[in-house]
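Trainee: Could we go through this structure together? I would like to start with the overall picture and then turn to details.

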Amino acid sequence: MKHLKILLLAVLTVFAASACSQNKVKKTMEKKKVLVVYFSATGTTRLVAKQIAKIADADICEIAPAKPYSNADLDWTNKQSRSSVEMNNPKARPEIKAVSVDVSKYDYVFLGYPIWWDLAPRTVNSFIETADLAGKTVIPFATSGSSTIANSVAVLKQSYPKIKWQTGNLLNHVSEKEIGTWVSETIK
């Protein structure tokens, strides 16, 4: 019974620490308008985007392709798959659905995407080129099976120099507490 009480106390302590961390982030963010915008072909980046939005008490918006990607479209081993063809053409800009928010109303924009061919998917370029992000502070985040975020961010910075890019973060298998720490350090 004593061990059960100790375990229960430990669990409650972890929950309390997490709640305090979230409250601290929310208080830091109170005066800032924050948006989380993401593209997620398989749902992995969506889960991270939702965590960031919850922690930052931010609005959230999905970058949705006009034609959703099928499993065959995402087959990176097939040079004729839709994603392979798009990523092999630097000028490709897949059509996206209209974004449901006015990006100009936000101070900070978290921009999430999976890493494809060591880059942000061309769908992200479609969004950037249709949204008014000039002068905005944009914080990239990504998910990936094997790549880092470094090259994708470098290419985005080079391609869109009028945006105030912050250092990006690869958020694979990270805890809510780790995301909370990153968010609070990023938005000051």
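Mentor: Certainly. A contact here means heavy atoms within 4.5 Å. The model is predicted.

Trainee: With that in mind, what share of the contacts with a separation of 6 or more comes from residues 24 or more positions apart?

Mentor: Such residues account for 80% of those contacts in the protein.

Trainee: How many helices and strands are there?

Mentor: The protein has six helices and six strands. Along the sequence they follow the pattern α-β-α-β-α-β-α-β-α-β-β-α.

Trainee: And what percentage of the residues counts as buried?

Mentor: Of the 188 residues, 44% count as buried. The protein exposes about 10600 Å², and carbon and sulfur atoms supply 55% of that area.

Trainee: Let us turn to helix packing. At what angle do α2 and α6 pack?

Mentor: Two packed helices are described by the angle between their axes and the distance between the axes. Helix α2, residues 44-56, packs against helix α6, residues 176-186, at an angle of about 60°, and their axes are 10 Å apart. That angle makes α2 oblique to α6.

Trainee: Is the crossing of α2 and α6 left-handed or right-handed?

Mentor: The crossing of these two helices is right-handed.

Trainee: Which residues make the contact?

Mentor: Helix α2 contributes Val 48, Gln 51, Ile 52, Lys 54, Ile 55 and Ala 56. From α6 come Glu 176, Ile 179, Gly 180, Trp 182 and Val 183.

Trainee: How does the contact of α2 with α6 divide by class?

Mentor: It has seven nonpolar, two polar and two charged residues.

Trainee: A change of topic: the backbone. What is phi of Trp 117 near?

Mentor: Phi of Trp 117 is near 55°, a positive value in a residue other than glycine. Most residues other than glycine have a negative phi. Trp 117 is found in the loop between β3 (108-114) and α4 (122-130).

Trainee: Why does Trp 117 count as partly exposed?

Mentor: Its relative accessibility is 35%, and partly exposed covers the range between the buried limit, under 20%, and the exposed limit, over 50%.

Trainee: What about His 173: where is that residue found?

Mentor: His 173 is found in the loop between β6 (169-170) and α6. Phi of His 173 is near 50°, again a positive value in a residue other than glycine.

Trainee: Is His 173 buried or exposed?

Mentor: His 173 is exposed, because its relative accessible area is 84% and the cut-off for exposed is over 50%.

Methods. Residues numbered from 1 in each chain as written. Predicted model: local features only at pLDDT ≥ 70, side-chain atom pairs only at ≥ 80, totals over all residues. Heavy atoms only, no water. Axes fitted to C-alpha atoms, helices over the stretch in contact; angles between N-to-C directions. Helix = DSSP H or I, 4+ residues; strand = E, 2+ residues; numbered from the N terminus. Parallel < 35°, antiparallel > 145°, perpendicular 65-115°, else oblique. Left-handed = near helix turned anticlockwise from the far one by under 90°. Nonpolar A, V, L, I, M, F, W, Y, C, P; charged D, E, K, R; others polar. Buried < 20%, exposed > 50% of the residue type's maximum accessible area, 1.4 Å probe, protein only. Areas by Shrake-Rupley, 256 points an atom, 1.4 Å probe, with all protein chains shown as cover.
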